[in-house]
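Here is a quick walk through one protein model, written for someone who likes to check things atom by atom. Pull up the coordinates and follow along.

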Amino acid sequence: AVWLRRALPQGEEQSEPLGWEVTPAPRCCHPPRPPRGAPQPVLGSGLDLSRDPLSGNLSTIPAVSPPPPLTYGNGSPVRTSVAPSAFRGRKRLNEQNVPYDVKRQRFHSPHRESALLNQTVPLPEERRYSFPGSVPSPLFPVHYLPDLTGCVPPLQEASFPDPIETTLPVAKDKLSQQVLELFQACQQQTCDLNKKELCRTQLQREIQRIFPQSRIFLVGSSLNGFGTRSSDGDLCLVVKEEPVNQKTEARHILSLLQKHFCTKLSSYIERPQLIRAKVPIVKFRDKVSCVEFDLNVNNVVGIRNTFLLRTYAYIENRVRPLVLVVKKWASFHDVNDASRGTLSSYSLVLMVLHYLQTLPEPILPSLQKNYPESFDPTMQLHLVHQAPRTIPPYLSKNRSMLGELLLGFFKYYATEFDWNRQMISVREAKDIPRPDGIEWRNKFICVEEPFDGTNTARAVHEKQKFDIIRDTLQKSWQRLRDKRDLNCILPLNYYLKR
């Protein structure tokens with residue numbers, strides 16, 4: 001067991017150690033419970049910040065009152081009834097092993113789990129001090145961070161959107177039916193989302209001991225409507241709503257958190273690794289949910305685009321099945337990995353949305369043009385999640401079925417889109433001329449980020465990788481045009497077998 005002692009004001013005697021009991025989780029292996037009467041293991045109450053790595057100055061940490069007892073394990077909302085025991089100890093869920101009744105669940109399942117999704121964890125009043133405030137900052141020199149008081153959304157605000165009930169599109173031909181079946185088998189279930197949300201809640205409680213005014217947001221495919229059963233979890237730690245220097249401040253915060261994960265939270269977090277990318281992240285695995293997570297700091301554009309994409313996902317019922325099949329296709333053909341010079345999942349989603357916007361009879365509008373107030377890039381973060389509630393369904397005159405739309409997607413990018421001169425813009429709902437900025441030069445694919453205008457496909461900077469992507473699009477279009485069978489480009493048995 002690891003015991004931590006809180007910092008005390010001068011002259012106060014040390015009280016009992018703080019923390020809570022860690023009980024065995026139902027899904028993965030935790031250390032065995034200590035024998036009755038033995039000292040209980042405790043999760044750490046904070047980082048060892050006695051020395052600032054940047055300035056070398058010693059700093060003191062204000063006293064922190066003990067939190068209410070909490071069990072992270074058998075007392076958690078995670079249920080085991082929806083998944084077979086074969087999942088235990090697995091790195092992540094695998095679609096082909098999921099029971100058929102689970103595959104058929106809709107996003108708003110009547111059997112959804114009871115966790116309070118993305119509900120923030122309130123702190124006792126005496127612990128809500130500002131950072132750094134009047135206390136010398138243990139993390140940064142004075143010029144690094146301003147006072148964060150009032151910069152982060154209120155702790156009691158819920159940021160998780162209401163579940164959305166949708167109907168499935170009609171599928172009258174073989175190819176459309178195959179697209180629909182693959183979507184139903186592989187879409188993220190509510191139980192998958194609840195497990196990610198449980199980790200987010202527990203992690204926020206821990207990190208708020210270090211950054212009391214911070215919040216953690218679940219972002220990306222887990223919330224935008226395009227997640228699958230095997231999707232990783234993406235987390236954004238917001239310490240202030242002002243921009244953070246990703247090369248200095250964000251990287252330093254993440255390095256401290258990585259150390260904290262290794263030393264104090266190893267009971268339920270494993271393999272934390274700091275990735276020094278343009279937007280640095282800490283990758284780690286949650287032992288309870290068996291989900292891989294990526295944690296960034298203050299990449300708030302990811303929060304905004306999560307709810308923009310979520311709105312696109314649910315205003316037209318053909319969008320989600322089409323996007324999921326394209327993501328599975330790209331993954332199967334090894335063109336869905338930005339770390340290896342191909343397309344990120346985010347870029348693929350934007351490509352599908354752009355295609356649906358540019359049809360002769362569009363299936364999607366530009367939400368940012370039609371509803372500028374709902375997607376204002378300056379909107380406070382704790383209000384962003386309300387946008388999808390205000391947007392009505394989009395009634396398109398285009399009645400094309402899923403199979404025809406999938407074929408059209410491959411044809412558009414294989415034969416019609418001008419990669420050399422044009423940029424994909426969901427914000428404008430059309431292709432626009434490439435900018436002449438440095439970020440767009442020598443890039444073979446240009447996909448505009450709808451909020452900050454950067455290139456989401458900047459990872460495709462080698463001609464060889466670009467040629468592979470174009471060749472894969474071309475061959476997939478030709479095969480699908482001739483066969484009208486999804487198996488010719490994506491083996492359905494791999495995903496649909498039980």
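What follows goes from the sheet to its helices, then to the charged pairs and two loop residues. Keep in mind that this is a predicted model.

## The five-strand sheet

Let's start with the sheet. It is open, has five strands in the order 1-2-5-4-3, and its pairing is mixed. Strand 1 and strand 3 sit at the edges with a single partner strand each, so each of them has one side without a neighbour in the sheet. From one strand to the next, the twist averages 25 degrees.

Two of the pairings are worth a click. Strand 1 and strand 2 (residues 233-238) run antiparallel and are joined by five bridges, with isoleucine 216 partnered by leucine 237 of strand 2. Strand 4 and strand 5 (residues 291-297) are also antiparallel, again over five bridges. There, valine 282 stands opposite leucine 295 of strand 5.

## An edge strand under cover

Is strand 1 mostly covered or mostly open? Mostly covered: residues 215-219 make up the strand, and five of its five residues are buried. In a regular strand, side chains alternate between the two faces of the sheet. Here both faces are covered, with Arg215, Phe217 and Val219 buried on one side and Ile216 and Leu218 buried on the other. So strand 1 lacks a neighbour on one side within the sheet, yet both of its faces are covered.

## Helices on the sheet

Which strands does helix 3 lie across? Helix 3 (residues 190-207) crosses strand 1, strand 2, strand 3, strand 4 and strand 5, and it runs at about 160 degrees to strand 1. Helix 4 (residues 246-263) packs on the sheet too, touching strand 2, strand 3, strand 4 and strand 5. The direction of helix 4 makes about 160 degrees with that of strand 3.

## A helix crossing

Now for a helix-on-helix contact. Helix 2 (residues 174-186) packs against helix 11 (residues 402-416) at an angle of about 90 degrees, and the axes are 6 Å apart. That angle is why the two helices count as roughly perpendicular. On the helix 2 side the contact uses Leu175, Ser176, Val179 and Leu180, while helix 11 brings Leu402, Gly403 and Leu406. Sorted by class, that's five nonpolar residues, two polar ones and no charged ones.

## Charged pairs

How many salt bridges turn up in a search of the whole structure? The count is 18. Side chains of opposite charge can pair when their charged atoms come close. One of the pairs is lysine 240 with glutamate 249, whose closest N and O atoms are 3.7 Å apart; both of these residues are buried.

Glutamate 428 and lysine 369 make another salt bridge, at 3.0 Å from N to O. Glutamate 428 lies in the loop between strand 6 (422-425) and strand 7 (430-433), and lysine 369 is in helix 8 (residues 367-370), so this pair ties together parts that are 59 residues apart in sequence. Glutamate 428 is partly exposed at 21% relative accessibility, and lysine 369 is partly exposed as well, at 48%.

Arginine 421 and aspartate 418 form a salt bridge too, with the closest N and O atoms 3.3 Å apart. Arginine 421 is exposed, with a relative accessible area of 57%, whereas aspartate 418 comes out as partly exposed at 26%. There is also a network of salt bridges that links Glu270, Arg271, Arg285 and Glu292.

## Two loop residues

Buried or exposed: what is phenylalanine 226? This residue lies in the loop between strand 1 and strand 2. Phenylalanine 226 has a relative accessible area of 3%, so it counts as buried. Leaving out residues up to four places away in sequence, its contacts are Ser221, Leu309, Ala313, Val319, Arg320, Val323, Lys327 and Val349. Glutamine 188 is 38 residues away from phenylalanine 226 in sequence, but their C-alpha atoms are 7.9 Å apart.

Lysine 278 sits in another loop, between strand 3 (269-275) and strand 4 (281-286). Lysine 278 is exposed, with a relative accessible area of 54%. Even so, lysine 278 touches Gln246, Glu439 and Arg458, again not counting residues up to four places away in sequence. Its C-alpha atom is 7.5 Å from that of lysine 247, which is 31 residues away along the chain.

Key: Residues numbered from 1 in each chain as written. Predicted model: local features only at pLDDT ≥ 70, side-chain atom pairs only at ≥ 80, totals over all residues. Heavy atoms only, no water. Buried < 20%, exposed > 50% of the residue type's maximum accessible area, 1.4 Å probe, protein only. Helix = DSSP H or I, 4+ residues; strand = E, 2+ residues; numbered from the N terminus. Pairing = 2+ DSSP bridges. Axes fitted to C-alpha atoms, helices over the stretch in contact; angles between N-to-C directions. Parallel < 35°, antiparallel > 145°, perpendicular 65-115°, else oblique. Contact = heavy atoms within 4.5 Å. Nonpolar A, V, L, I, M, F, W, Y, C, P; charged D, E, K, R; others polar. Salt bridge = Lys/Arg side-chain N within 4 Å of Asp/Glu carboxyl O.
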